[in-house]
Structures are given as structure tokens and as C-alpha cells.
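Got the viewer open? Then let's walk through this one stop by stop, with something to select at each.

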Amino acid sequence: MKQVEDADILEKFSDSKTRNEAFNLLLKKYQQKIYWHIRRLVIDHDDADDLVQETFIKVWNNLEKFRSDSQLYTWIYRIATNESITFLNKQKQRNNTPLDEVSGELEQSLVASSYFNGDKLQLKLQKAILSLPEKQRLIFNMKYFDDLKYEEIAEITGTSVGALKASFHIAVKKIETFMLNEDITF
Amino acid sequence: MRTLPFKPFALRCINISEMEEHSEHSERSVSGTGFTVPSGYFDGLSHEINTRISVERLKVLVPQDSGFTVPDAYFDHLETSITNKISQKPVFRLWRSGVLKYATAACFIIIAAAGILFFSTGNREKIPGNPHADIAAEQILFDIDEDVIMEHIEANYKEDKKTNTADMELENYILNNYSQNDLASIL
């Protein structure tokens, strides 16, 4: 099935008669991508479910103001990323967790989750990703799993392409080292 | 000679120093052909190739699926949940932003200050009011017996006089018993 173009969604959304139809098309096109993006950041399914709904409610409320100087999906990704980071920061404050122990909490959530059925290698990779600082984790996920271009990630995170390349390189090297140092041969 | 540390790919290992050397030659060779590259392109190229090889190897080693799952038919219901939430009447959250909170507080202060000012000046000045209320007040005075009004005025005058007498006695006592120096030091 051919995916609907962003331009068509925006055009339909600008007309009050086809607004709901446009939003349903947008949901169909992006809900899974955005869910997985959030899920990989917050780990827990219930948290991801809340955040993906919040994200799309914000999209609905602000889509009218959306200017086409950026791409629609990078704009939605940016909203989802901000929602997730705000959530993680609130969680840190609420639990009074030091920065270096956040990954430990997320790792516990990953192990305890009933919605993770990855094998030993997948679990190890997720643990390796969780050992990264928040920004490197974000960049790694968007590049590795979503296969976004550096220019797109730059638009989402507001970071220069050069800095993103450096961060991704460091993140990959850390993950490589993590995998090498564990009992699984890399 | 530095090589990438990948055991399964040992035969295809990459000599980084050779690659860097090659990239330098490439930069020189393109300069005469009219082709150009972004500034600093070759500086990061080896790093970028190195990173991409690591990523490709990681993707071969670990299945691309991240291992996370969702409840059955989750995505079928997600769209409905979102559209239901959107169709609900939006709840107006007061003081959602810090600016609005302080603006509201400022408005309360201004209203309270204006109220105090209004009532404090209102006691001293007669504010032109409702003509019907004035007529009603006059009618009440007209209905009261003249003698009652006179008695009331006399009683008030006496009370004022008493207060004035008491004040004068106190003033005289202070002047008689305290010198100017004493008063200055007390004040």
C-alpha cells in the first residue's frame, strides 16, 4: 500500500472538513515509528504508551501552526524526543536519582518488563545502549534503529552534523567495547 | 599499522593508516580536476567508515528487532485512544505556565491595592452616587423627629468636647512636668 505524502496530509489538515481524516492518516503513518522511538528511550511500555499519546495530542494542537520550513516527521520526532527527555528528567527528580544510576534503573525496568522477549544478545545490546549518556543514546537509537540521516537528527536535536557524527562514533565504540568485554564474542 | 579488532573479519581487516594516506592523495588529485569536497571531509572520513563497519557488524551479530514487544493488537487500539482523547473537551489548566501564574498574582495585587485606595478615599470624599439613593436618604432624615436629631448632634458635640478637654489636660501636664530637652531625648 502506497504511503500518503506529508504534503497531502498537511493540505487536508488545513481544511476543517478533512482535518480529522488528515490526522488519522498521520497517525497511521507515524504512530508505530514514534512509539518505538519513545519506547527505546523510556524502556517501559506503559510509559511509552502515555508519552506517544501525549505526543500526538500535541501534534494535533499545534499542527495548524506547523511551518513547512522543517519536515513533518522530524517535527513529530522532535516533539516525541522532548516529551521523553522531560519524562526521564522528571523521573530522575522524583526518585532523586544521581545521573550515573539512571541507566541502572532503566536496566532493571528492561529486565523486569513483561514486554521484552529479546535473546541474550539483544538484551546485551540494550544494556550496552543504556550504559551510554542520554544524548549519545538518543543519537545512537535514531541512527542505528531508525536509520535517520545526520541532517534529520540535527533538525530533531538541534545539534550540528559534525557533533552528531562525533557522538555517534563515540557511542558505537563504547558499545563495541561493552560487547567485546562481555562473555559474548563480538 | 593499526587494524580493526574484529576477529571474524580478520581477512578483511582495514589498514587505517593506509586509508588515511589514500584519502590525502585523493584530496590532492581532485584539486586539479575541478571537483571539490566539503572542507574537512577527509579528516573525518576514516572515522566514519570505521563507525559504519562497526554498525554493520553489530547488525549482523544482533537481530535488527530490538526485542521489545507490545500487548496484542496494541497499535489497532492506539489510534482510537488518541482520537478519543482529542475529541474530549479540552481541560483548561489554570497556571499552566509560570508567566501566567505571576501575571495572575500581579492582577490580584493591583485589584487589592485599587480596592484599598477606593475605600480609603471614599470615606473622605462624597462620590457622586445614585440620585435615587440620595433621595431615599433625605426622605429618612425628613421622617425623623427634629428633636431627636438635635439631641443626637448635642450628644456628639459633648463627646468631642470631652475628648478635646482631655487632650488639653494631657498637653498641659506634659509641658509642666517635662523640659524641652526631656521631650527631645524621648522623641
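Start where two chains cross: α3(A) and α3(B) do so in a right-handed way (a crossing is left-handed if the near helix is turned anticlockwise from the far one by less than a right angle, and right-handed if clockwise). Before you select anything, note that this is a predicted model, where local features need pLDDT of at least 70 and side-chain atom pairs count only at pLDDT 80 or more, while totals for chains, interfaces and linings use all residues. Residues are numbered from 1 along each chain as its sequence is written, and chains are lettered from A and ligands numbered from 1 in the order in which they are written.

Now select residues 45–62 of chain A, which are α3(A), and residues 74–87 of chain B, which are α3(B). Helices here (H or I, at least four residues) and strands (E, at least two) are DSSP runs, numbered from the N terminus. The two pack at an angle of about 50°, with their axes 10 Å apart; axes are lines fitted to C-alpha atoms, for helices over the stretch in contact, and angles run from 0 to 180 degrees between N-to-C directions. α3(A) and α3(B) are therefore oblique to each other (under 35 degrees is roughly parallel, over 145 roughly antiparallel, 65 to 115 roughly perpendicular and the rest oblique).

Show side chains next. A:V52, A:Q53, A:F56, A:I57 and A:W60 meet B:L78, B:S81, B:I82, B:K85 and B:I86, where contact means C-beta atoms, placed from the backbone, within 7 Å. By class, that makes seven nonpolar, two polar and one charged (Ala, Val, Leu, Ile, Met, Phe, Trp, Tyr, Cys and Pro are nonpolar, Asp, Glu, Lys and Arg charged, and the others, Gly among them, polar).

Zoom out to the whole interface. It takes 31 residues from chain A and 22 residues from chain B. On the chain A side, α2, α3, α6 and α9 each supply at least two residues, and α2(A) gives the most, with seven. Colour that side by class and you get 16 nonpolar, ten polar and five charged residues.

Hide chain B for a moment. Chain A has nine helices and zero strands, and buried residues make up 32% of its 186 residues (buried is 20 or more other C-beta atoms within 10 Å of a residue's own, exposed 12 or fewer, partly exposed in between, with C-beta atoms placed from the backbone).

Select α9(A), residues 161–181. Its buried residues include A:L164, A:F168, A:I175 and A:M179. Bring chain B back: the cover over the buried residues of α9(A) includes α6, α7 and α8 of chain A together with α2 of chain B.

Add α6(A), residues 120–130, which packs against α9(A) at an angle of about 135°, with the axes 9 Å apart. That makes α6(A) oblique to α9(A). A:K124, A:A128 and A:I129 of α6(A) make the contact with A:I175, A:F178 and A:M179 of α9(A). Those residues divide into five nonpolar, no polar and one charged.

Last stop: A:K124, in helix α6 of chain A. Is A:K124 buried or exposed? A:K124 is buried, with 20 other C-beta atoms within 10 Å. Draw a distance from its C-alpha atom to that of A:M179, 55 residues apart along the chain, and you should read 7.4 Å.

Definitions and conventions. Contact = placed C-beta atoms within 7 Å.
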